[in-house]
Structures are given as structure tokens and as C-alpha cells.
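Please take a moment to look over the sequence and the three-dimensional view below. The paragraphs that follow go through them step by step.

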Amino acid sequence: MMTLKIIAILLGLAILVMAFIAAENKKLVVSIIAAGAVSLFASVLYLVLEAPDVAMTEAAIGSGLSTIIFFYVLNKIKKERKDHA
Amino acid sequence: MLKKVFVLAVLAVFALLLFRSFGWTDAGTELNEVATRYAEDGPQEVGAANLVTAVIVTYRGLDTLGEVTILFLTASIIGFFLATGRKGEHVPPTVRNTSEILQTASRVITPVIFLIGIYVFINGHLTPGGGFQGGAIVASGLVLMLLANPGRKVSHSLISAVESISGISFVLLGILGIILASGFLDNSILGYGRFGTLFSAGAIPVIYIFVGLKVGSELSGIVSNLQQTTKEDI
């Protein structure tokens, strides 16, 4: 049980780090990939919480198709995100 | 600068609320009444080895109908706004050839991905998975095909035909449940079979096959619409 708790805490920290990168980075490509990584770690967290159906759905849709759709849209837009501070 | 401070303040308020709510609920040691009824009587009543599938398709079948409707709405809105040109007119994309490794590997891997997706939604009542997961895997196989050959023609009429027929069949199976058995999407219209085999759980495999085909063709249609749209700006 302890190793599962440690894995869950590490996954939570990884999700936080990736989400921070997704929100704060200047390049959109890095943000999109970081959002996909958040989805991936969340899927593994669902597996640790013993919910394989939810993990499969999150991995296929959140981490796979959602990232691909973001990249197609980014290809159409082709703009760099300016700093609005 | 002020915007960042404001965002951090809102996040801090949310964090405080969530932290306070840690003390309200302690981890339950037993399920509540509805969940106990589902867990104890579910396998015998429904005949499916996967309890999650039993809840999604039979106990909460009406919510599944709502989810299928939302997916259909999304796909048709995207297909409406991203017109891909008139029928028969195919605009070839002006991209360079993809690498040979990608093309060759996609020829090997894409059938395997389709096979895994179809396996997941056919065996939805036995192993974790189901219609939505299997459909998403099938759609990602199509994404690999489109990534390897961007100029490949994807027949939109075939995708629309599969999606419409699967959706109508899903609703017809639900209405058959009302006519022949005790409620919408009741799965006792077919025999239960032996518990744990492929032909068990009544109509659940048939329902999930239609749901899997519908979700797979919908997501494939969305991706191919985004890739082949002739609009210059979205």
C-alpha cells in the first residue's frame, strides 16, 4: 500500500508540474504536449485508483485524440502566443 | 501583472475550499444502498462479467443515450462548419512527403490498432473497456493513417453511413427493449448464455458493437474534417 501511495503522490506532483508548464509556456506546441502529458498521468492515476475503464477512456480520448485535434487546429492558425503580461 | 495576481488569488480560494473539505467525508467502508444492490445482484440480473458495462448499458441506459446524442451533435456541428468542398472535389494538400519509416510502419501497425479497437468493444461485457473506448481506439488508428498519407481520400459518405446506421440501430435496440422486455435498453431480449463467455449478457455485445462503430466513425469524421477542411482560417 505504501508504494501505491508514493506513486499516487508522485503522479499528482507530475500533473501539477505539467499543468504549470502548459499554462505558462510561450510556445503553443509545448503547451499542447504538456496538456497531453497531464492527461497521460491522470490516466495512470486512474489505474492506481483501480478504475480501468476510466483509465482507458482518458488515455484514448484525452491523451490521444484531443492532442491530435489541437495540433490540427494549431496548424491552421499558425500564430505564436504573445506575452500579455 | 494584475491579471496574474487575480488568477493566483482565485486559485488560492479554490485550494482553501478543497482543503477544508478534506475533513467532511471520511473514506467510506461500505457502499451505499444503490451501489450494494448493483454489486450484489448485478452479475445475476444482467449476466455481464464487467459490472461497469452492466451499469452503463442497462441500469443507466438512458444516460448512455444522452451521451451518444451529445457525440452526434458535436460531430454534426463540426461537419457543418468545416465544409470540405463539394462532393467529388478533392483538394490535394501541399505538404511534403512523409518519411518512409512512417509510411511503412503505419501499414503494419494500423490493422493491429483497428483489431485492438474492435476487440475492446466486442468484449465490453467481459473485460474493461466498452463501446466508447473501442471507438476512440479505432479513430486513433485512422489518425495514424492520415498522418502517414496526408493526401489519402477518406470517404465521408461511408463514415456518415456507418454512423447513421449505428445510431439508428442503437435506438431501435432500445425500443425493442421497451416492446419485448421491461424497459429501455433492457438486455434480456436475447438469451443470457453462459456467464463469462463471448455470447453472454443478452443484447449487451450487440448494443456495444453499434455504440463502438458509431463512436469510431464519429471521431474519425471529426479528425478527417479538421484535416481536409478547405477553409483558410477556422
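Within this predicted model, a useful place to begin is Ser31(A), which touches Ile21(A), Ala22(A) and Asn25(A) once residues up to four places away in sequence are set aside. This serine is part of helix α2 of chain A, a helix that covers residues 28–48. Is Ser31(A) buried or exposed? Its relative accessible area is 9%, and because buried means under 20%, Ser31(A) counts as buried.

The chain around this residue is built from three helices and has zero strands, so that, in the order α-α-α, its elements follow one another from the N terminus on. Taken along the principal axes, the C-alpha atoms of chain A fill a box of roughly 45 × 25 × 15 Å. Of its 85 residues, 22% count as buried, and the chain exposes about 5,500 Å², with carbon and sulfur atoms supplying 74% of that area. Where contacts in chain A join residues at least 6 apart in sequence, 58% of them link residues at least 24 apart.

Chain A also meets chain B, and the contact draws 14 residues from chain A and 23 residues from chain B. The size of an interface is often given as the accessible area lost when the parts come together. Here the area buried between the two chains is about 1,600 Å², of which carbon and sulfur atoms give 73%. One salt bridge is found across this interface, and the side chains of Lys4(B) and Glu24(A) meet in a salt bridge at 3.8 Å, N to O.

On chain B, helix α1 takes in residues 2–20 and includes Val13(B). Val13(B) is exposed, with a relative accessible area of 52%, and it belongs to a nonpolar surface patch whose members, among them Phe6(B), Leu11(B) and Leu17(B), together have about 810 Å² of accessible area.

Further along chain B comes helix α7, residues 156–180, where the geometry can be checked: at 1.5 Å a residue, its 25 residues should span 36 Å, and the end C-alpha atoms are indeed 36 Å apart, which agrees. Buried residues of α7(B) include Ile159(B), Glu163(B), Ser166(B), Phe170(B), Leu173(B) and Gly177(B). An α-helix has 3.6 residues a turn, so residues three or four places apart point the same way. What do the buried residues of α7(B) pack against? Their partners are α4 (61–81) and α8 (204–228) of chain B.

Terms used
Residues numbered from 1 in each chain as written. Chains lettered and ligands numbered in written order. Predicted model: local features only at pLDDT ≥ 70, side-chain atom pairs only at ≥ 80, totals over all residues. Heavy atoms only, no water. Patch = residues over 30% accessible without salt bridge, like charges linked within 9 Å, V, L, I, M, F, W, Y side chains within 5 Å. Areas by Shrake-Rupley, 256 points an atom, 1.4 Å probe, with all protein chains shown as cover. Salt bridge = Lys/Arg side-chain N within 4 Å of Asp/Glu carboxyl O. Helix = DSSP H or I, 4+ residues; strand = E, 2+ residues; numbered from the N terminus. Buried < 20%, exposed > 50% of the residue type's maximum accessible area, 1.4 Å probe, protein only. Contact = heavy atoms within 4.5 Å. Expected span 1.5 Å × (residues − 1). Buried area = accessible area lost by both parts, 1.4 Å probe.
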